[in-house]
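Take a look at the fold below. This report walks through a few of its parts, one at a time.

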Amino acid sequence: MKKDWRIYSLRADFNGLAAKLGVDPVVVRIMRNRGLTEEQDYENFLYGTLNSAHSPEKMLDMELGVDIISASIDEGENIRVVGDYDVDGVTSTYILYDAIKNLGGNVSYDIPHRVRDGYGMNVRIVEDAYNDGVSTIITCDNGIAAVDAVAKAKELGMTVVITDHHEIPPVLPDADAIIDPHQEGDDYSFKDICGAMVAYKFVSLLYRERGESLGARKYLGELALATNCDIMPLIDENRIFVREGMKELKDSPSLGLKALIEELSLGGKVINEYHLGFVIGPTINAAGKLGDAKDALELLLTEDEEFAKVRSEELHRLNESRKSQTEEGAERAVEEIVEEEIEGDLQPVDKVIVAYIPGINEGIAGIIAGRLKERFYRPTIVFTDTESDPDILKGSGRSIEAYNMFEKINEHRDMTVKFGGHPLAAGLSIKREDLASFRECLNRDSGLEYRDFVEKLMIDVPMPMSYASMNLAEQLENLAPFGKSNDKPLFAEQDMEILGYEIYGRNMNVMNLKVRSTSGSVHELKFFRPEEFEERINKWFNASDCDKMKNGIRTGCKIDIAYELGINEYNGITKMQLLLKEYEKA
């Protein structure tokens, strides 16, 4: 599907700032495109340290919650940490449990089972805690919507501290302290943090208030994993913590993480954001999706090398199974989606895709929803059956920028049995009999138009390839880690004549494209979707021209190119590299 190419047009004194910061003006333009305005913001983006992080005390109820847990430790009360079954939930549970234990607290943990419990703390979890003699519960990455569970805890005379980061529901639970930066009246200046970050801020203040030293780099690796895997924006303090956390993971002090990194063939390698989001994170996530998230938590907690090795192997196998199940489920879902031709493209009839896939593991519904969202660029919710109740369907949704999924589902909250989430993702349950009407209501009230389904391709700088250099590539590396709200810098040049291309690699999945600019400079770019390229140029140009291009014969055929500038290291040789990302007929 064709994308809408746009160029950032934000203004600043690029040359002046570049001189002060000691970087190329192109680097300043990119930082401006990421929303920076003040000179100090640019300084922090380039050179910020952990000392630039925001103070925990700014978060509403943070000091109150710390006082409660500190008193519980002093009084020898039984404390239970209640987390969630994804990477953010597992790591935040680990942070709270480990920190409280190291302070001498009588602490235990519980994580809801995805199938048996569903998301978040429930009455069963509260009753189990009470029967185990627990008097204080502290949640992480959940709890902000646990009205019934907290009511039960208070009825039983228990104390509840909530730490969460999700959107605030209409009714808050009656907890003793509620810590969530999205609350009205909260003064924490950066709201877009994950549950593990809230937990980390909590234990940082807890240690300080008790006159103990947490350690400057404690839990940074786990925090980097959670922030990246929960798709938090990699700006402000998130970016600093992920950058520093990736350094810790390379030589992780955690036996469990070290074993997992070895199992995933990453031992000794520099860990980057790709490894976090697409290798390590999904393997930890597999436990909660297809099994029990406590298996992943036990890996993080273990001090036994042999156990760490065996558990890492188990999680790796589980994730491989998750991958194959996801592929099969996505194929089945695509078959059910009705399409029509709109402006020359086949597009789904529905503005909001609501798919029901019977028989799949409910833990992979969200992954499949994400696949469909990427393929069709439509907000997508995938439902499947629940084991506990045949009359209830459990769903997971992923959205696009133009559609606030949390708000839109919230408009029809009366149709849900359970619901929570973010603007770009949601989890919910509905009655099976309501599936058709729920789909109809979401589509009727979507507020979406066709232009919302044309994905925007934001060009940072329309920069001639001849301007690219190794020095600039190295400076761009300093803007990492890249992710949400801090995409890899994207450049563009128009009217590039195709001189030829070569396809190679073990699976013939790499292409080397040679082009000439209007000024006459010749450049080579790498591309990793050669089949797509050949299909598109055959559509745009005639068969004879395509044959000539493949054989390196000039045809005069031109394309507009969006590209990234990177660094390639191979056999000890480092050089600048241009990567083709998008292209259109000129």
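In what order do the five strands of the open sheet stand? The order is 9-10-11-13-12, and the pairing is mixed. Keep in mind that this is a predicted model.

**The five-stranded sheet**

Start at the edges. Strand 9 (353-356) and strand 12 (416-421) each have a single partner strand, so one side of each is left without a neighbour in the sheet. From one strand to the next, the twist averages 15°.

Now move inward. Strand 10 and strand 11 are joined by a hairpin, with six residues making the connection. Their pairing is antiparallel. Ile381 stands opposite Gly397 in strand 11. Thr384 stands opposite Lys394, also in strand 11. Strand 11 pairs with strand 13 too, again in the antiparallel sense. Here Leu393 has Ile430 of strand 13 as its bridge partner.

A helix covers part of this sheet. Helix 15 (residues 365-376) packs on it and touches strand 9, strand 10 and strand 11. The direction of helix 15 makes about 45° with that of strand 11. Is strand 11 mostly covered or mostly open? It is mostly covered, with six of its seven residues buried.

In a regular strand, side chains alternate between the two faces of the sheet.

**A hairpin further along the chain**

Strand 18 and strand 19 form another antiparallel pair. They make a hairpin with two residues between them. Asn571 sits in the turn and has a positive phi of about 50°. Across the pair, Ile561 stands opposite Tyr583 in strand 19.

The table sets out three antiparallel pairs.

| First strand | Second strand | Bridges |
|---|---|---|
| Strand 10 (residues 380-385) | Strand 11 (residues 392-398) | six bridges |
| Strand 11 | Strand 13 (residues 425-431) | seven bridges |
| Strand 18 (residues 558-570) | Strand 19 (residues 573-585) | 12 bridges |

**An enclosed helix**

Why is helix 2 (residues 25-33) called largely enclosed by the rest of the structure? Seven of its nine residues are buried, so the rest of the structure largely encloses it. Among the buried residues are Val26, Val27, Val28 and Ile30. Arg32 and Asn33 are buried as well. What do the buried residues of helix 2 pack against? The partners are helix 1 (14-21), helix 3 (39-47), helix 18 (470-477) and strand 15 (491-504).

**The second largest pocket**

Next comes an open space. The second largest pocket holds about 360 Å³. It is lined by 22 residues, and the closest to its centre are Tyr94, Asp98, Lys218, Ser254 and Leu300. Five helices each give two or more residues to the lining: helix 5 (87-102), helix 9 (220-229), helix 10 (236-250), helix 11 (255-263) and helix 13 (294-301). Which helix gives the most? Helix 5 does, with five residues. By type, the lining divides into 10 nonpolar, five polar and seven charged residues.

One of these lining helices also has buried residues. In helix 11, they are Gly256, Leu257, Ala259, Leu260 and Ile261. Their cover includes helix 9, helix 10 and helix 13, which also contribute to the pocket lining. Helix 12 (273-290) and helix 14 (305-336) are part of that cover too. After helix 11 comes Ser265, whose phi is positive, near 60°.

How values were computed. Residues numbered from 1 in each chain as written. Predicted model: local features only at pLDDT ≥ 70, side-chain atom pairs only at ≥ 80, totals over all residues. Heavy atoms only, no water. Pairing = 2+ DSSP bridges. Helix = DSSP H or I, 4+ residues; strand = E, 2+ residues; numbered from the N terminus. 1 Å grid on protein atoms, 1.4 Å probe; cavity = no way out; pocket = protein on both sides within 12 Å on 5 of 7 lines; lining within 4 Å. Points joined across faces, edges and corners; volume = space filled by probe spheres on them. Nonpolar A, V, L, I, M, F, W, Y, C, P; charged D, E, K, R; others polar. Axes fitted to C-alpha atoms, helices over the stretch in contact; angles between N-to-C directions. Contact = heavy atoms within 4.5 Å. Buried < 20%, exposed > 50% of the residue type's maximum accessible area, 1.4 Å probe, protein only.
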